[in-house]
Amino acid sequence: MSPTEIQFRRVNGLCFTCDEKYTPTHKCKAKHYFIIQSIEELPPESEPSSPYNEVTPTMLEPKPLFEEPLHLSYNALTGVSTRCSIHFTGKVNGKDIRILMDGGSSDNFIHLELARKLAVPIHATPPFQVQVENGELLQCEGLIRDIPVHIQDNTLHITTFVLPIASEELVLGDIWLETLNTHLVNYKEKFVTFFYNNRLITLQGELHITPALAQLHHLKRLHATKEIASLYTLLVLPVEENLMSLQAMPPDMNLELAQLLHTYHTVFQVPQGLSPPRTHDHVINLMPDTTPVKVKPNRYPHSQKTEIERIVQEMLADGIIQPSSSPFSSPVLLVKKKDGSWRFCTDYRALNAVTIKDSFLIPIVDELLDELYGAQYFSKLDLRSGYHQIRVRSDDCFKTAFRTHQGLYEWLVMSFGLTNAPTTFQSLINSIFAAALRKFVLVFFDDILVYSPD
């Protein structure tokens with residue numbers, strides 16, 4: 001009977017002499033007599049009278065390959081760490097390998113591609129299959145004897161079967177633990193202690209193993225080495241505007257930093273709509289008996305009119321201005337930025353002249369710098385459109401009205417150029433960071449400095 005047929009009968013629980021299911025009390029219905037014909041010459045003193053030797057009727061059962069069917073845990077097949085497994089890093093022939101000690105596997109197994117890369121001799125074995133917990137059968141592809149595996153300054157000689165497992169690892173099963181005789185395994189602290197060559201050895205496994213993000217070249221390598229166990233469909237979704245900057249990040253950026261930016265991508269969004277009302281909404285207090293302030297609008301070059309129209313439409317869409325019928329009116333002007341774009345400004349000089357000035361003190365830079373004594377690490381934060389995140393009190397919105405060549409509009413948020421705008425902004429920021437000021441945070445308007453001595 002061939003080894004393949006023996007394995008087939010063993011897997012299906014069939015009797016070796018008939019096709020019926022085998023049980024401890026099984027008796028074959030048909031009797032079988034085996035006659036062996038000898039083709040070798042026997043010594044003269046024992047030469048039989050007949051060319052055939054009669055053998056007493058008996059049932060000759062071939063010696064099985066293994067006492068028990070070999071099995072591999074599903075986690076070892078896929079390379080997933082579990083409570084009853086320990087991961088190590090070792091070396092074979094100077095090359096780094098991953099080692100998985102798995103209590104759910106019966107024997108030692110290694111991936112065929114990994115065995116080829118390690119340049120170790122593979123011996124042929126009778127064909128047999130190894131059963132996985134999910135019911136799958138894997139065909140053994142050879143045997144490697146006494147691989148010298150170096151783990152944490154210790155050299156172990158391990159014999160292993162070659163099996164097409166999904167992970168490129170050397171799996172150490174129960175049979176390896178049996179060779180250690182008396183040993184101690186702690187799956188919680190991830191270590192194993194045993195005697196080897198009359199020496200006490202402790203192998204410390206990896207305590208925390210987390211999956212890492214796969215890049216395209218990783219997937220290409222898995223495909224080329226035929227190590228992909230499961231296939232999925234990747235669907236490309238339209239990228240939101242606030243994630244465009246994440247795509248532009250350099251590919252060599254630190255993984256933790258990239259994940260941080262992705263998790264808090266809403267922080268970097270362009271503000272949309274009105275901010276919520278706060279205790280520090282901007283108030284415009286005018287002097288007693290002040291009449292509405294109305295200033296004649298400027299004449300704009302033709303090239304600037306198009307830009308003014310575009311900016312006004314954007315602000316209307318964002319909800320930070322609205323059409324107005326206010327008796328107040330201030331002119332607008334465009335100021336060139338360093339990058340060549342235009343800044344939309346309202347000329348509030350006439351309005352500021354009749355506004356009661358706040359007595360809030362602006363921070364002195366020299367005093368702020370004194371707070372940095374002993375600090376060695378600094379992080380600077382800058383707010384996007386800081387002024388526009390503060391609303392104007394609803395009773396004072398009509399005072400912020402401005403006129404363009406298209407019509408009259410009024411601000412719903414605090415605009416640049418208002419006389420008390422810096423003090424309103426500074427008082428709001430101070431209230432937000434009240435618990436951190438002068439401890440590890442300094443604020444000068446919209447510039448926020450985080451500092452630490454270590």
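This report describes strand pairing, aromatic contacts, cysteines and one strand residue in a predicted model.

## Strand E9 and its partners

Strand E9, which spans residues 169-172, is covered on both faces. Glu-169 and Val-171 are buried on one side, while Leu-170 and Leu-172 are buried on the other.

Two strands that pair with E9 do so in opposite senses: strand E3 (residues 95-102) pairs with E9 in the parallel sense over four bridges, whereas strand E4 (residues 109-110) pairs with E9 in the antiparallel sense over two bridges. At the level of single residues, Val-171 in E9 is the bridge partner of Leu-100, and Leu-170 in E9 stands opposite Ile-110.

## Aromatic pairs and a charge over a ring

The structure holds eight aromatic pairs. In the pair made by Phe-109 and Phe-161, the ring centres are 6.4 Å apart and the planes meet at 35°, so the pair is classed as tilted. This pair links distant parts of the chain, since Phe-109 belongs to strand E4 and Phe-161 to strand E8 (residues 154-162), with their positions 52 residues apart in the numbering. Phe-109 is buried with a relative accessible area of 0%, and Phe-161 is likewise buried, with a relative accessible area of 10%.

Elsewhere, one aromatic cluster is formed by Phe-344, Phe-402, Tyr-409 and Trp-411. A further arrangement involves a charged side chain and a ring: the charged end of Arg-343 sits over the ring of Phe-416, at 5.7 Å from the ring centre.

## Cysteines

A disulfide is a covalent bond between the sulfur atoms of two cysteines. With a cut-off of 2.5 Å between cysteine sulfur atoms, the count of disulfides in this model is zero.

Two of the cysteines can be described by their accessibility, for which the buried class is under 20% relative accessible area. Cys-345 has a relative accessible area of 16% and is therefore buried, and Cys-397, at 6% relative accessibility, counts as buried too.

## The surroundings of Val-441

Val-441 lies in strand E19, which covers residues 441-444, and Val-441 is buried with a relative accessible area of 2%. When neighbours within four places in sequence are left aside, the residues in contact with Val-441 are Phe-433, Ala-436, Ile-448, Leu-449, Val-450 and Tyr-451. For Tyr-451, the separation from Val-441 is 10 residues in sequence and 6.4 Å in space, taken from C-alpha to C-alpha.

Note on methods
Residues are numbered from 1 along each chain as its sequence is written. This is a predicted model: local features need pLDDT of at least 70, side-chain atom pairs count only at pLDDT 80 or more; totals for chains, interfaces and linings use all residues. Side-chain values use heavy atoms; hydrogens and water are left out. Buried means under 20% relative accessible area, exposed over 50%, partly exposed in between (1.4 Å probe, protein chains only). Two strands pair if DSSP finds at least two bridges between them. Rings of Phe, Tyr and Trp (its six-membered ring) pair if their centres lie within 6.5 Å; planes under 30 degrees apart count as stacked, over 60 as edge-to-face and the rest as tilted. A charge sits over a ring if NZ of Lys or CZ of Arg is within 6 Å of the ring centre and within 35 degrees of the ring normal. Contact means heavy atoms within 4.5 Å.
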